[in-house]
Amino acid sequence: MCSLGYELADWIETFCCHGPGDVQGEPIELDDEWLAFLVEAYRIDPQTGRRLYDEGVLSRPKGRAKSELAGFVGIAEAFAPVRFDGWNADGQPVGRPVRSPLLKCLATEESQAGNTFENIAFIAGQWGPDVHPDVYGGVSGIRQYQSATALYLPHGGEIRACTAGSASKDGGKETWVCADESHLYVLRELKAMYGTVRRNLGKRKLAEPWMLQTTTAYRPGEQSIAEETLTSWRKGELSPSVYVDHREAKGRVDLDDEAHTLAQLRHVYGAAAGWMDLERIYREMRDPRSCPDDATAARYYLNRAMSGQDAWLATDVWERQARTEVVAPGTAIALGFDGSLRDDATVLIGSRMSDGFLFPIGIWAKPAGPEGAWWEVPRSDVLEAVKEAFARYDVTRMYADPHEWRSDVDKLAEELGAERVLSWETRRDVQMSAALDRLRSDLIAGTVFHDGDPVVADHVGNTYVRRKGAHLLVRKEHESSPRKIDSVVGAALAYEARADAIADGWGKKRTYRVAGF
């Protein structure tokens with residue numbers, strides 16, 4: 001791999017130390033996990049020597065020293081050879097420092113403000129001038145690292161700790177930015193800060209600026225920067241210039257099972273599990289004063305984004321029921337169709353008659369950003385996809401919500417058979433509640449599986465319970481949310497169509513009476 005990360009790791013271990021804490025001032029020995037991150041984050045194009053990534057995202061559980069690693073990267077961006085400067089005699093890339101670097105460590109009132117900057121200030125302003133005066137001598141602007149807000153570099157340039165008010169001003173020429181604890185970037189001003197400095201990074205092409213985003217699992221529905229980033233990553237919508245290194249615990253979340261949870265903790269903490277007190281972390285996860293519910297414990301310590309008690313379905317249940325499988329042409333299936341024209345998604349979901357296996361056939365949703373302006377669902381494409389599904393599979397019946405598609409559903413019934421294409425109003429609370437309950441109950445019981453499609457998984461994660469009298473329906477986290485839940489409705493319709501077809505006799509062998517017997 002062509003990367004400056006190997007050289008950088010050696011530099012960090014030589015010229016940096018541990019920041020404030022129990023091992024303050026002690027030498028650094030990067031573990032394999034952090035080394036792998038640096039190597040990938042500093043990959044370069046072997047032809048041009050330019051960086052491959054303009055943003056890195058490091059997602060780990062609470063206590064994994066993400067801010068300390070970010071501090072090492074910040075120190076390196078200020079002092080170390082971190083940009084391509086040619087090849088050595090062995091054909092390996094060598095680096096040079098950034099000229100007149102401007103670094104910003106973004107802070108929020110909700111976080112332990114300035115964790116990354118505090119590490120940088122300690123190394124460059126207090127420890128470094130005595131231990132490595134050849135590197136850090138002449139750094140000014142600091143008396144006590146705990147209260148510092150800016151460091152001025154002897155070779156030109158500066159490092160700043162920034163809040164929303166100071167960082168959200170246009171005109172900056174940053175070469176590196178750290179957005180620490182981006183799961184807390186929920187408020188409008190914090191998201192504006194992130195957006196502004198990210199746009200500023202495009203101003204200094206020769207400096208090859210980039211951003212490092214560190215985070216612990218977000219709370220679903222808050223629409224934090226971390227949630228928006230990782231959701232786009234899971235859906236495959238992020239630019240290839242964004243490098244995401246995310247680790248979370250897999251499998252069910254069951255805090256009553258100590259051995260299982262400790263195994264998950266060992267996985268998610270990786271190399272750090274050897275020196276972390278995992279038994280104490282487990283006790284914190286079980287203590288309602290620290291973690292009032294399983295979702296909180298999972299977010300902080302398993303790095304799993306889980307919805308709270310009002311979620312329609314626990315994320316781990318949905319993930320547990322995923323299996324890689326392709327439904328063969330000619331297979332008997334039922335279909336569920338939930339249509340929209342503009343803001344909501346339009347979905348066509350299949351459910352295999354033999355076992356209920358769920359899979360999307362088509363999902364049409366408004367693109368993000370400017371491409372979404374004036375966008376409408378491509379009606380002709382959707383109708384063609386429905387007809388293709390009927391031709392490809394043996395469709396027993398399709399339940400279609402006719403809202404905004406009433407004439408189209410009627411026409412499909414004429415063409416494909418009124419006994420197979422049926423209008424099914426999702427606004428009927430009794431029937432819709434029953435259909436949702438059937439699907440949810442069977443998912444929890446483990447009797448129905450799905451193909452693990454990431455867009456459908458995203459919709460499931462966005463879905464919350466809406467209580468209407470005795471009926472449990474579904475909703476978004478709030479009325480104006482742009483997040484989609486339509487795949488849940490489409491899946492419920494498909495699964496209900498399958499159940500009704502079976503109740504009406506699908507799959508039963510006919511018996512014939514022979515005269516005289």
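Is Ser 100 buried, partly exposed or exposed? In this predicted model, Ser 100 counts as partly exposed, because its relative accessibility is 38%, a value that falls between the 20% limit for buried residues and the 50% limit for exposed ones. Ser 100 is placed in the loop that runs between strand S3 (93-96) and strand S4 (102-106). Its backbone also deserves attention: phi of Ser 100 is near 50°, a positive value in a residue other than glycine. Most residues other than glycine have a negative phi.

Asn 303 also carries a positive phi, of about 55°, although it is not a glycine. Asn 303 belongs to the loop between helix H11 (294-301) and helix H12 (315-320). With a relative accessible area of 0%, Asn 303 is buried.

The loop between H11 and H12 also contains Arg 304, which forms a salt bridge with Glu 319 of helix H12. The N to O distance in this pair is 3.4 Å. Because Glu 319 lies in H12 and Arg 304 in the loop, the pair ties together parts that are 15 residues apart in sequence. Arg 304 is buried, at a relative accessible area of 1%, whereas Glu 319 is partly exposed, at 33%.

Side chains of opposite charge can pair when their charged atoms come close. The structure holds 36 salt bridges. One of them joins Glu 33 to Arg 247, with the closest N and O atoms 3.5 Å apart. Glu 33 is located in helix H2 (residues 32-41) and Arg 247 in the loop between strand S9 (242-246) and helix H9 (258-269), so this salt bridge ties together parts that are 214 residues apart in sequence. Glu 33 is buried, with a relative accessible area of 11%, while Arg 247 is partly exposed, at 23%. Both residues take part in a network of salt bridges that also links Asp 31, Arg 60, Arg 64 and Asp 245.

A further salt bridge connects Asp 287 and Arg 289, whose closest N and O atoms are 2.7 Å apart. Here Asp 287 is buried, with a relative accessible area of 17%, but Arg 289 is exposed, with 76%.

From charged pairs the account turns to the nonpolar interior. In soluble globular proteins, nonpolar side chains tend to be buried together. The largest nonpolar core in this model has 55 residues, of which Trp 11, Phe 79 and Tyr 136 touch the most other members. At least two residues of this core come from each of helix H1 (5-15), H2, helix H3 (66-79), S4, H4, helix H5 (133-136), strand S7 (176-179) and strand S8 (210-215). H3 gives the most, with 8 residues. Beyond its neighbours within four places in sequence, Tyr 136 is in contact with residues including Trp 11, Phe 15, Ile 75, Phe 79, Ile 123 and Trp 127. Apart from this core lies another, of 34 residues, which includes Trp 312, Leu 313, Ala 345 and Val 489.

Helix H4 (residues 115-131) is also where Thr 116 is found. Thr 116 counts as buried because its relative accessibility is 2%. Setting aside neighbours within four places in sequence, Thr 116 is in contact with Ser 67, Ala 70, Gly 71, Cys 105, Cys 178 and Asp 180.

Notes
Residues are numbered from 1 along each chain as its sequence is written. This is a predicted model: local features need pLDDT of at least 70, side-chain atom pairs count only at pLDDT 80 or more; totals for chains, interfaces and linings use all residues. Side-chain values use heavy atoms; hydrogens and water are left out. Helices (H or I, at least four residues) and strands (E, at least two) are DSSP runs, numbered from the N terminus. Buried means under 20% relative accessible area, exposed over 50%, partly exposed in between (1.4 Å probe, protein chains only). Contact means heavy atoms within 4.5 Å. A salt bridge is a side-chain nitrogen of Lys or Arg within 4 Å of a carboxyl oxygen of Asp or Glu. A nonpolar core is a set of buried Ala, Val, Leu, Ile, Met, Phe, Trp, Tyr and Cys residues joined through side-chain atoms within 4.5 Å.
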